[in-house]
Amino acid sequence: MSGGDMAKPLLGHQSIEGDPSITPAAGRTIGVLGSGDFARSLAIRLVCSGFKVVVGSRNPKRKAGLFPSAAEVTFQADAVKKTDVIFVAVFREHYSTLCDLADVLTGKILVDVSNNTEINHHKESNAEYLASLFPACTVVKGFNVVSAWTLQSGARDGNKQVLICSNNQEAKRTVAEIAQVMGFTPVDMGCMSSACEIENIPLRLLPAWKIPIFLALGLFLCFFTYNLIRQVIHPYIREQKNKLYKIPIEVVNTTLPCVAYVMLSLVYLPGVLAACLQLYYGTKYRRFPDWLDQWLQHRKQIGLLSFFCAALHAVYSLCLPMRRSHRYQLIETAVKQALEKKMNIWVEEEVWRMEIYISVGIIALGLLSLLAITSLPSIANSLNWREFSFIQSTLGFIALVISTLHTLTYGWSRAFDENQYKFYLPPTYTLTLLVPCTVILAKVIFSLPCIQQRLLRIRRGWEKGRYVKFVLPSATGEYSSGETSSNV
Ligand code: NAP
């Protein structure tokens, strides 16, 4: 699983945090236009951070009670006159109603906090639109990725990053300074042309999760259908037995571990493919195909979904004995055995199989939990690179091997029992073994010294064919050796 991505800035831009040239701004007066949810939360946070706040409303008398007593609530024009930095906490469609304030706003910094309802809703960003309405002001885009809730609950309980952009460096620095005093991490996103990108961020729905979720759903659907055919449709067609009751728990519970197991192997498969390509090309400087790049970037999400399915499988399995159908089957078996006068029903092999199966299952789930926990940004940040790679790579691979043991002890000798082949379909567990076993086999091959050494050299920058060792006879008949570039 790739980790630490959540700890990085949302977008790869420079953080302004810790800039020594930034001086504390607490004590200065900040203006807020608007008296809605965002304005109220912002005012509370600003007051708590030591700023003087003046709120500009169209109806200050009615709205004053909603704000902390330390904040002054007055008419818009009056508020604007008292400060140089004004947060515009008003929707884009109402910007034009502020045009009457153009004169008093001249030379001031306007912070555009607005969001849209759709990605790329307007041709120009809201901030650029505000700047076009007030050419005598300096507009800074910022704070839109922070919700009113985060502002009220304090930066520690929510997203800490505040993305900022503006064409004016000085104005951007001033707003960054205010964000920092409020406990946020200002991130410099460059000039105003980035405003559109910043405005789109709060509207994106789990962009990193889309592919892994579709993958998990696709696998779930395939395995569910396969298990349904084997466990419900086959007995109905062949023996006219109604086994529909199996669908909500049994079929789902045989599907979930298949998805979890295959998804776990899909976390490690792209690494194997990448290593194969590097060995084939003899260099690490050749770009991977886009699909492989995408796959490598989604390993963390794929791993977390694998953990999610495994955890659900554990819960379902614990609940199996609670079902009425299970109790009926137990009683039925007991009655049958009593009628057949069977006193000893202990099957040593079955007992051992079950003990090992459950034990390795618990260990696999424990390891998956560890992988999931260490992929959390707060935990990942507390680990150094070696610790993180040991957990995610080595322990992750061990989790895959233990899950394979779990699957094998579950299947035991079923693959060799012809009664287990329903409509000639092999038991589901045999299908799930395909990808994980390929990954394990590839990892074993890569650990052979000759291949491991070559891979290590490639990953440290060695390139096939770049340097050729040569041995030439000298004039005296002695041999001299050296390296030359084959490309020359
Ligand atoms: P809201 O509760 O509806 O408040 C909007 C405020 O705009 C009103 O209270 C009103 O204050 C003022 N306003 C000025 N001119 C107006 C006009 N012509 N018609 C209507 N209202 C007018 O909205 P909000 O949730 O605070 O959002 C304000 C801005 O913050 C929006 O641009 C939004 O995208 C952005 N934002 C909000 C959040 C959030 O979590 N809520 C998060 C990020 C960004 P007066 O009546 O006192 O003038």
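The legends below accompany several close-up views of one predicted model.

**View 1. The ligand and the residues around it in the predicted model.** The ligand is surrounded by 20 residues, and the closest of them are Ser-35, Phe-38, Ser-57, Arg-58 and Asn-115. Sorted by class, this shell is made up of seven nonpolar, 10 polar and three charged residues.

**View 2. Polar atoms of Arg-58, Asn-115 and Ala-148 beside oxygen atoms of the ligand.** Arg-58 takes part through its side chain, of which a polar atom lies 2.9 Å from an oxygen atom of the ligand. Asn-115 instead presents a backbone N or O atom, which lies 2.9 Å from an oxygen atom of the ligand, and for Ala-148 a backbone N or O atom likewise lies 2.9 Å from an oxygen atom of the ligand. Of the 890 Å² of accessible area that the ligand has on its own, the protein covers 80%.

**View 3. The aromatic pair of Phe-87 and Phe-143.** The structure holds eight aromatic pairs, and one of them is formed by Phe-87 and Phe-143, whose rings meet edge-to-face, with 5.2 Å from centre to centre and 80° between the planes. The pair links distant parts of the chain, since Phe-87 belongs to strand E5 (residues 85–88), whereas Phe-143 lies in the loop between strand E7 (138–141) and helix H6 (148–153), 56 residues apart. Because its relative accessible area is 0%, Phe-87 is buried, and Phe-143 counts as buried because its relative accessibility is 0%.

**View 4. The stacked rings of Tyr-95 and Tyr-129.** The ring centres of Tyr-95 and Tyr-129 are 6.0 Å apart and their planes are at 20°, so the pair is stacked. Tyr-95 lies in the loop between E5 and helix H4 (102–105), while Tyr-129 is part of helix H5 (residues 126–133), and the pair therefore ties together parts that are 34 residues apart in sequence. Both Tyr-95 and Tyr-129 are buried.

**View 5. The aromatic cluster that includes Phe-184.** Phe-87 and Phe-143, shown as a pair in View 3, form one aromatic cluster together with Phe-184.

**View 6. Arginines placed over the rings of Tyr-410 and Trp-462.** The charged end of Arg-414 sits over the ring of Tyr-410, at 4.5 Å from the centre of that ring. In the second part of the view, Arg-457 lies over the face of Trp-462, and here the distance to the ring centre is 4.5 Å.

**View 7. Thr-150 in helix H6 and its contact with Ser-147.** Thr-150 is a residue of helix H6, the helix that follows the loop holding Phe-143 in View 3. With a relative accessibility of 6%, Thr-150 counts as buried, because buried means under 20%. Its side chain makes a polar contact of 3.0 Å with the side chain of Ser-147.

**View 8. Asp-37 in helix H1 and its surroundings.** Asp-37 lies in helix H1, which covers residues 37–48. At 53% relative accessibility Asp-37 counts as exposed, because exposed means over 50%. The side chains of Asp-37 and Arg-40 are joined by a polar contact of 3.0 Å. Asp-37 and Ala-89 are 52 residues apart along the chain, and their C-alpha atoms are separated by 8.9 Å.

Methods. Residues are numbered from 1 along each chain as its sequence is written. This is a predicted model: local features need pLDDT of at least 70, side-chain atom pairs count only at pLDDT 80 or more; totals for chains, interfaces and linings use all residues. Side-chain values use heavy atoms; hydrogens and water are left out. A residue is near a molecule or strand if one of its heavy atoms lies within 4 Å of it. A polar contact is a pair of N or O atoms within 3.5 Å; within protein, one must be able to donate a hydrogen and the other to accept it, and residues adjacent in sequence count only if both atoms are side-chain atoms. Accessible areas come from the Shrake-Rupley method with a 1.4 Å probe; for residues, only the protein chains shown count as cover. Ala, Val, Leu, Ile, Met, Phe, Trp, Tyr, Cys and Pro count as nonpolar, Asp, Glu, Lys and Arg as charged, and the others, Gly among them, as polar. Rings of Phe, Tyr and Trp (its six-membered ring) pair if their centres lie within 6.5 Å; planes under 30 degrees apart count as stacked, over 60 as edge-to-face and the rest as tilted. Helices (H or I, at least four residues) and strands (E, at least two) are DSSP runs, numbered from the N terminus. Buried means under 20% relative accessible area, exposed over 50%, partly exposed in between (1.4 Å probe, protein chains only). A charge sits over a ring if NZ of Lys or CZ of Arg is within 6 Å of the ring centre and within 35 degrees of the ring normal.
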